[in-house]
Amino acid sequence: MSLGNVHYDEKLASVYDQMYPIEFDTSLAVDLIASLAPAGGRVLELGVGNGRIALPLAARGFQVHGIDGSEAMLAVLRERDEKGEVTAIEGDFTETGTGHTFDVVTVVLNTFFVATTREQQISCLRMVREQLLADGKFVLEAFDPTPYHGMEKPEFSMRHLDDGAVMLDTLQVDRSHQLMYATHTIIDGGRPETKHHVLRYAFPFELDLLAELAGLRLVDRWEDWERNPYTARSFRHVSVYERADAPA
Ligand SMILES: C[S@@+](CC[C@H](N)C(=O)[O-])C[C@H]1O[C@@H](n2cnc3c(N)ncnc32)[C@H](O)[C@@H]1O
């Protein structure tokens with residue numbers, strides 16, 4: 001399926017775990033999300049990918065649902081989910097809801113920014129609101145755009161994937177539209193292919209306003225999954241929202 005902006009094809013899916021070698025963060029994220037849901041509660045992950053977060057949550061007894069636009073990432077998830085514990089559907093979470101309600105809805109690793117217009121971001125947040133139970137929580141992890149918003153020229157970097165493969169990354173920012181254009185090229189001895197990603201970044205205070213427009217309110221913000229305080233020096237945030245009509 002084509003989501004315009006989502007290009008996690010088989011190639012990217014095959015190197016995903018090396019692209020994001022963040023095992024330490026995974027267990028902290030799972031702990032925090034688990035602490036916000038009742039035992040055996042219902043959790044939805046937007047952009048569930050290969051199940052990095054969803055599978056350990058399901059192993060802890062939560063009823064986990066996920067939505068993802070990439071067939072290739074979902075194929076890896078199904079392969080890893082031997083007991084079929086995660087209910088995963090293929091779809092665009094910026095346009096489609098699941099039709100169910102949850103104790104926790106989460107979107108991690110900047111994935112929310114794949115909604116590339118302000119309107120798309122609001123509509124995505126409205127769908128989150130619709131999928132939250134009355135006392136449910138929405139957990140969003142994203143980078144703080146400050147270092148990127150001032151970028152004057154493209155940046156180039158390289159990641160080591162394994163002994164025979166590297167990934168070349170370029171990053172450009174159009175701050176007039178808060179858009180970030182990234183390319184990823186894998187050099188592994190095969191034919192190099194370049195994947196393009198576009199993100200519409202938003203500052204935390206804008207996210208809070210968009211969330212308010214969608215009927216959500218901020219309840220907590222930390223700089224990481226360990227609940228360290230969010231400060232002027234934080235370059236990412238883990239933010240928790242609830243329904244604006246939730247009992248105080
Ligand atoms: C950075 S990965 C995160 C995967 C997983 N949540 C994790 O933490 O490892 C982003 C995921 O979001 C999916 N994705 C991106 N845009 C999407 C969209 N509009 N609708 C559904 N899935 C999307 C991609 O296919 C990919 O699996």
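Buried means a relative accessible area under 20%, exposed means over 50%, and partly exposed covers the values in between. The exercises below apply this to a predicted model.

**Exercise 1. Thr-98**

Task: Decide whether Thr-98 is buried or exposed, then list its surroundings.

Solution.
- Step 1. Thr-98 sits in the loop between β3 and β4 (102–107).
- Step 2. The relative accessible area of Thr-98 is 18%. The cut-off for buried is under 20%, so Thr-98 is buried at its 18%.
- Step 3. Leaving aside residues up to four places away in sequence, Thr-98 touches Leu-44, Ile-89 and Gln-131.
- Step 4. With Gln-131, Thr-98 has a side-chain to side-chain polar contact of 2.7 Å.
- Step 5. The Thr-98 side chain also reaches a backbone atom, the nitrogen of His-100, at 3.2 Å.

**Exercise 2. Two salt bridges within domain 1**

Task: Classify the partners of the Asp-31 to Arg-60 salt bridge and those of the Lys-137 to Glu-242 salt bridge by burial.

Solution.
- Step 1. The rule requires a side-chain nitrogen of Lys or Arg within 4 Å of a carboxyl oxygen of Asp or Glu. Asp-31 and Arg-60 form a salt bridge, with their closest N and O atoms 2.4 Å apart. This pair links distant parts of the chain, since Asp-31 belongs to helix α2 (residues 23–35) and Arg-60 to the loop between α3 and β2, 29 residues apart.
- Step 2. Asp-31 has a relative accessible area of 38% and is therefore partly exposed. Arg-60, at 44%, is partly exposed as well.
- Step 3. For Lys-137 and Glu-242 the closest N and O atoms are 3.5 Å apart, and the two form a salt bridge. The pair links distant parts of the chain: Lys-137 is in strand β5 (residues 132–143) and Glu-242 in strand β11 (residues 236–243), 105 residues apart.
- Step 4. Lys-137 has a relative accessible area of 19% and is therefore buried. Glu-242 counts as buried at 11%.
- Step 5. Both bridges belong to a total of 16 salt bridges found by this rule. Among the others, Arg-118 and Glu-119 meet through their side chains at 3.6 Å, N to O, and Arg-118 is partly exposed at 43% relative accessibility. Asp-9, Glu-193 and Lys-195 are linked in a network of salt bridges.

**Exercise 3. The loop after α3**

Task: Where does Gly-61 lie, and how many residues separate Gly-61 from Ala-34 in sequence?

Solution.
- Step 1. Gly-61 lies in the loop between α3 and β2. Arg-60 is in that loop too.
- Step 2. The relative accessibility of Gly-61 is 41%, so Gly-61 counts as partly exposed.
- Step 3. Gly-61 and Ala-34 are 27 residues apart in sequence, while their C-alpha atoms lie 9.8 Å apart in space.

**Exercise 4. Helices α1 and α4**

Task: Which residues of α1 and of α4 are buried, and what do they pack against?

Solution.
- Step 1. In α1, the buried residues are Leu-12, Ala-13, Val-15, Tyr-16 and Met-19.
- Step 2. These α1 residues pack against α4, β6 (155–162), β7 (165–174), β8 (179–187) and β9 (194–200).
- Step 3. In α4 (residues 71–80), the buried residues are Ala-72, Met-73, Leu-74, Val-76 and Leu-77.
- Step 4. The elements covering these α4 residues include α1 (10–19), α3 (54–59), β2 (63–68) and β3 (86–90).

**Exercise 5. The domain interface**

Task: Describe the interface of domain 1 and domain 2 by contacts, buried area and polar pairs.

Solution.
- Step 1. Domain 1 comprises 10–144 + 201–243, and domain 2 comprises 147–199. Their centres, taken over C-alpha atoms, are 23 Å apart.
- Step 2. The contact involves 16 residues of domain 1 and 20 residues of domain 2.
- Step 3. The two domains bury about 1,600 Å² between them, with 68% of that area on carbon and sulfur atoms.
- Step 4. The rule finds five residue pairs in polar contact across the interface, both residues at pLDDT 80 or more.
- Step 5. On the side of domain 1 that touches domain 2, α1 gives the most, with five residues. By class, this side has ten nonpolar, three polar and three charged residues.
- Step 6. One salt bridge is found across the interface. Lys-11 and Asp-188 meet in a side-chain salt bridge at 2.8 Å, N to O; Lys-11 falls within the 10–144 segment of domain 1, and Asp-188 within the 147–199 range of domain 2.

Technical notes. Residues numbered from 1 in each chain as written. Predicted model: local features only at pLDDT ≥ 70, side-chain atom pairs only at ≥ 80, totals over all residues. Heavy atoms only, no water. Buried < 20%, exposed > 50% of the residue type's maximum accessible area, 1.4 Å probe, protein only. Helix = DSSP H or I, 4+ residues; strand = E, 2+ residues; numbered from the N terminus. Contact = heavy atoms within 4.5 Å. Domains from an automatic or database assignment. Buried area = accessible area lost by both parts, 1.4 Å probe. Polar contact = N/O pair within 3.5 Å; in protein donor to acceptor, adjacent residues only side chain to side chain. Nonpolar A, V, L, I, M, F, W, Y, C, P; charged D, E, K, R; others polar.
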